[in-house]
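Here is a walk through a two-chain model, taken one neighbourhood at a time. Keep the viewer open and follow along.

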Amino acid sequence: MDDRSSTIVPAAGVASIASPINLVLLSLFLVLVYMRLRPAKPIAATLLTAPPPTVFRVFTPPQLLPYDGNKGMPVYLAVRGNVFDVSPGRNFYGPGGPYEIFAGRDASRGLACGSFDREMLTENVEGPLDKLEDLGGDEMEALRGWEERFNEKYLVVGKLVPVGHAEVEADEVKA
Amino acid sequence: MRPGTPSPELRTVSPWSSEDSFNGLNTQSATTGEVGGQPPPPYRARSLGAVDTQAVRDRPVFRHTSDHRGWIQSTTSASRPQDVRHPRTILSNRSDPRRDVEGQHALDNRATEAEDANAEDHISEERRKQLFMDRSVGKRGEWDWLEDRRDNDPRYHPATEESHRDMVEMLERLDAQLATLLSQWSVTTTLLALVIVAVVAYPIIYPSDPDTHPLLLARQTSAAPIRNKGSSAAYRSPEVPYGTQLRSGLNVRDVGAPRWASGKDGDIRDIWREVTRGGSSGEDGKPIPTGLIMTILGRDEVVEHKVEDLTREILVIGRHLSEAGVKRVALYLPNSVEYLLTAFACAFYGMSPVLLPYNQPHVKVYELINSTGADALICAAGNLPLDDAAEACKNLKLLTWVVEKTSRHMDWNGVPDSADDHLKVSVWHDVVAEQKGTGATDLPTNDQCPPLAPIISVWQPVDPDIQPTITTFTHQNIVAATAALITTIPLRQRLTPADLILPADGFTHTYILCQTFAALFTHASLAISSVAGPGVDLATASRSISPTIIIASAETMASLHAKETAALTSMTGKLGKYTHSQAMSAGRMPTDSLVFRLLAPSSSSAGNTPGKLRLILTSERLGAKTPFLTSTMLSDLRLFTRARICYALTTAAVAGAVAQSNVFDYRTEAGDGRSPFGAPISSVEVTLTNEDERALEGVMPRGQVVVRGPGVSGGETRLVGVRGQMGGDGTLRIFDV
């Protein structure tokens, strides 16, 4: 085989340039250039989509009751007509927490008086809201402090109105 | 005796007889005792003389037994040395029915041979059994070492098996071919190899990162976590997320106030005060840079203005206007330094500038002057016929001509007779020259100034017959938009004192005006060109300067794109464009390597180095029926101009812009619609309203666009004639309805 290749030397320059190894390297070079220049598929950078925003709604006390953290529901509580989403504080306000009595309820009186008694909650959810008229200055001060803290930490997701109010929204039909 | 075996008399003696190896099955220790015969003769090296081959061949073959008998003469068929064959070379013997034909292991041959041997040697049956058991257990005999040596010595294995032979042959052939291939290595081969190494190693040694992290472009707005029914969440710039205040001003601190004091919003007066602070030393001792303000006159001339002279002019003009008792000053000027000076003068003296669109039919101008209730007009000399203007606009109390240098020899002070009683005509340069020596150059403080008056902007679509929208902006609107436009661009690309900014569109548009104020506030250099207008050619506008930032209109960019695409005909040009598009889709701005500069010289004439053009700010005027820029057009324009382009969405009722695309966002989308506008600027927030709730669920709501914030005139406005959608990546997309 070596003898054969050495006898075929017609034009030394051309043969040496077009030798098999040169052709192999040239084809490798062309392949590499193609790979460099071909259009790159763009990396579609996707982030996890954020949860869709909560819709602000008007609650009546019966409509607020289910939001006490059980059955996977978020934890809401109402302070002076503002409904706060306290799900980030589920350890406190959710089931099993120290403040679980306030979940899904109007917590104004309880927070103002600093008490976890059941008497603090409005018994009759169909009736009017607790007006807090009989509370003194200290208690209102405490309630204001609580409200400030809630406003800083938690999102207001609704408004609490008594049953029969003009702005009451009909219950959504669960699909 | 088996047939074929020689007679017992023909025994030959050989210590090397292989037949002994058959008796490797004599695994128990054998006694090398004296045999019923002599011990084998010692080996003698071959003599160099003639050898009696026949005698050699006739030597008796001895084999060793492992019992007391020791060496005995072999009586099997292999009695001569040449007949003795290695067990592995013995192929199957078909005559023996006990042997398998195929795949028979040599050991089996050995076994049979050994048994034959043992039988002839009169080994007893139990002895034979013992031998067999020992062998199967693997007990090594006395002479097994010799066998192992022989097994491992290649001289005793004359030929390999067939498959081994084939593989070795193939490998040798391959090796020979490879050797011939490599033997042809020449200079060319070395060159090619070097080139390949370079192509492979270059991206490793010089890796290029995208200009910004792709995940930052994947979520460009911050959405509120709560929304009302019928509207989407409020989308804001990430600088002012939900829960924080939208940007409402420039955060100006009083001169003596401590560093940590929160600043006030400020107004347009504070912008000029900041300009005058240039050159002095700041609070920390470092000098505040001075921004140049220059005017481009004609083809070659660039006139630089000194800040003290400009301050004096502001005070003089302001006094002149307020002494005439005017409340609203209409400006019908091309871009000029007088335009800006009038705006500042109105701010300091409690008057409203009315920004009229330039290059309109005269009748239209008179209409606008009347409908806005302007009582003063500052106009470029000769642009409006004096008599008609005086006749049409009966409310005018003062008309000031701004005369260019070449026309100053003429007398512009003439007043038409019909308007002699109520109209006063003055000439700008005369007013300034009169009070040159007198008058302080100190700007009045805010206490000394009359109360601020709003700025009235006229938003005129391209077609002059369409009714314009007249909007009233407070100083807070303008200043909030200015601050937001400064901070919208990330720090790396922001306006710096080293930049030269060329507004290539009229100051009537609040986007241009606010960007100009931003340039002044950040002490950047400003170049004002009077040819600047909505459709100007960029090359014409930037004739004798090399701006780093150009603020252009969408019409200018569209015509530039059409021109450059038509001019791109050569293959090298197209290849260059293709390669640069690759770089852009990888998130990098393409660099002009030497090769491409030679092959495809940049045909873009805007922005001549040094301090080359780095940013073009262009805007879409909603409702003005201007051509809009698609995503691919913007991408091509980035390649043509080698500059980053920001595309802003502007509308009549919002000062500055509603949204501006990210400066590092080079992504292209197919389609003929407007390019996505990016995130809202920090002075506004955008909400989408829709009657259909399902269109608002999810992360890509669509509907009508509502804009709120301190940058919006009246606090809230709705974009008419278009629908908006928030893209998955947080960019605002606008569609015509």
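Let's start with Lys625(B), which sits in the loop between β18 and α21 (631-641) of chain B. This is a predicted model, so read what follows as a description of a prediction. Lys625(B) is not a glycine, yet its phi is positive, near 60 degrees. Most residues other than glycine have a negative phi. Is Lys625(B) buried or exposed? With a relative accessible area of 67%, Lys625(B) is exposed.

Chain B offers another case of this kind in Asn359(B), where phi is again positive, at about 60 degrees, in a residue that is not a glycine. Asn359(B) belongs to the loop between β9 (352-355) and α12 (362-372) of chain B. Its relative accessible area is 67%, so Asn359(B) counts as exposed.

Other loop residues in chain B are tucked away. Take Gln460(B), in the loop that joins β13 (455-459) to β14 (469-473) of chain B. Why does Gln460(B) count as buried? Its relative accessibility is 3%, and the cut-off for buried is under 20%. What does the polar side chain of Gln460(B) find there? A polar atom of that side chain lies 3.2 Å from the backbone oxygen of Asp463(B), and the backbone oxygen of Ile466(B) is likewise 3.2 Å from a polar atom of the Gln460(B) side chain. Leaving aside neighbours within four places in sequence, Gln460(B) is in contact with residues including Pro357(B), Gln360(B), Lys364(B), Arg621(B) and Ala624(B).

Cys393(B) is the other one to look at, in the loop between α13 (386-392) and β11 (398-402) of chain B. Cys393(B) is buried, because its relative accessible area is 1%. Beyond the neighbours within four places in sequence, Cys393(B) is in contact with Tyr366(B), Ile369(B) and Asn370(B). If you want a sense of scale, Cys393(B) and Gly266(B) are 34 Å apart, C-alpha to C-alpha, with their positions 127 residues apart in sequence.

Here are these loop residues of chain B side by side.

| Residue | Relative accessible area | State |
|---|---|---|
| Asn359(B) | 67% | exposed |
| Cys393(B) | 1% | buried |
| Gln460(B) | 3% | buried |
| Lys625(B) | 67% | exposed |

Now for the sheet. Chain B has an open sheet of 9 strands with mixed pairing, in the order β7-β6-β16-β15-β17-β18-β19-β20-β21. The edges are β7 (301-305) and β21 (679-680) of chain B; each has a single partner strand, so one side of each is left without a neighbour in the sheet. At the β21(B) edge, β20 (residues 659-660) of chain B pairs with β21(B) in the antiparallel sense over 2 bridges. Within that pair, Ala659(B) stands opposite Pro680(B). Helix α16 (residues 510-521) of chain B packs on the sheet, touching β6 (293-297), β15 (500-503), β16 (525-529), β17 (549-553), β18 (615-621), β19 (644-650) and β20 of chain B. The direction of α16(B) makes about 150 degrees with that of β18(B).

On to the nonpolar interior. In soluble globular proteins, nonpolar side chains tend to be buried together. The largest nonpolar core here has 122 residues, and those with the most contacts inside it are Trp272(B), Leu321(B), Phe344(B), Phe517(B), Met557(B), Val707(B) and Ile734(B). Not counting residues up to four places away in sequence, Phe517(B) touches Ile268(B), Ile271(B), Leu340(B), Phe344(B), Ile478(B) and Thr482(B). Another core lies apart from that one; it has 27 residues, among them Ala330(B), Leu356(B), Leu384(B) and Leu386(B).

That leaves chain A. Its secondary structure comes to 7 helices and 5 strands, and buried residues make up 34% of its 175 residues. Among contacts in chain A between residues at least 6 apart in sequence, 63% join residues at least 24 apart. An unreviewed UniProt entry places the feature "domain: Cytochrome b5 heme-binding" at residues 59-161 of chain A. Over that stretch the chain is 30% helix and 15% strand, with the end C-alpha atoms 6 Å apart.

Strands β3 (residues 76-79) and β4 (residues 82-85) of chain A pair in the antiparallel sense over 4 bridges, with Ala78(A) opposite Val83(A). β3(A) and β4(A) form a hairpin with 2 residues between them, and Arg80(A) in the turn has a positive phi of about 50 degrees. β4(A) also pairs with β5 (residues 155-160) of chain A, antiparallel over 4 bridges; there, Asp85(A) stands opposite Leu155(A).

Conventions: Residues numbered from 1 in each chain as written. Chains lettered and ligands numbered in written order. Predicted model: local features only at pLDDT ≥ 70, side-chain atom pairs only at ≥ 80, totals over all residues. Heavy atoms only, no water. Core = buried A, V, L, I, M, F, W, Y, C linked by side-chain atoms within 4.5 Å. Buried < 20%, exposed > 50% of the residue type's maximum accessible area, 1.4 Å probe, protein only. Contact = heavy atoms within 4.5 Å. Pairing = 2+ DSSP bridges. Axes fitted to C-alpha atoms, helices over the stretch in contact; angles between N-to-C directions. Polar contact = N/O pair within 3.5 Å; in protein donor to acceptor, adjacent residues only side chain to side chain. UniProt positions renumbered as here; feature names shortened; annotations may be inferred.
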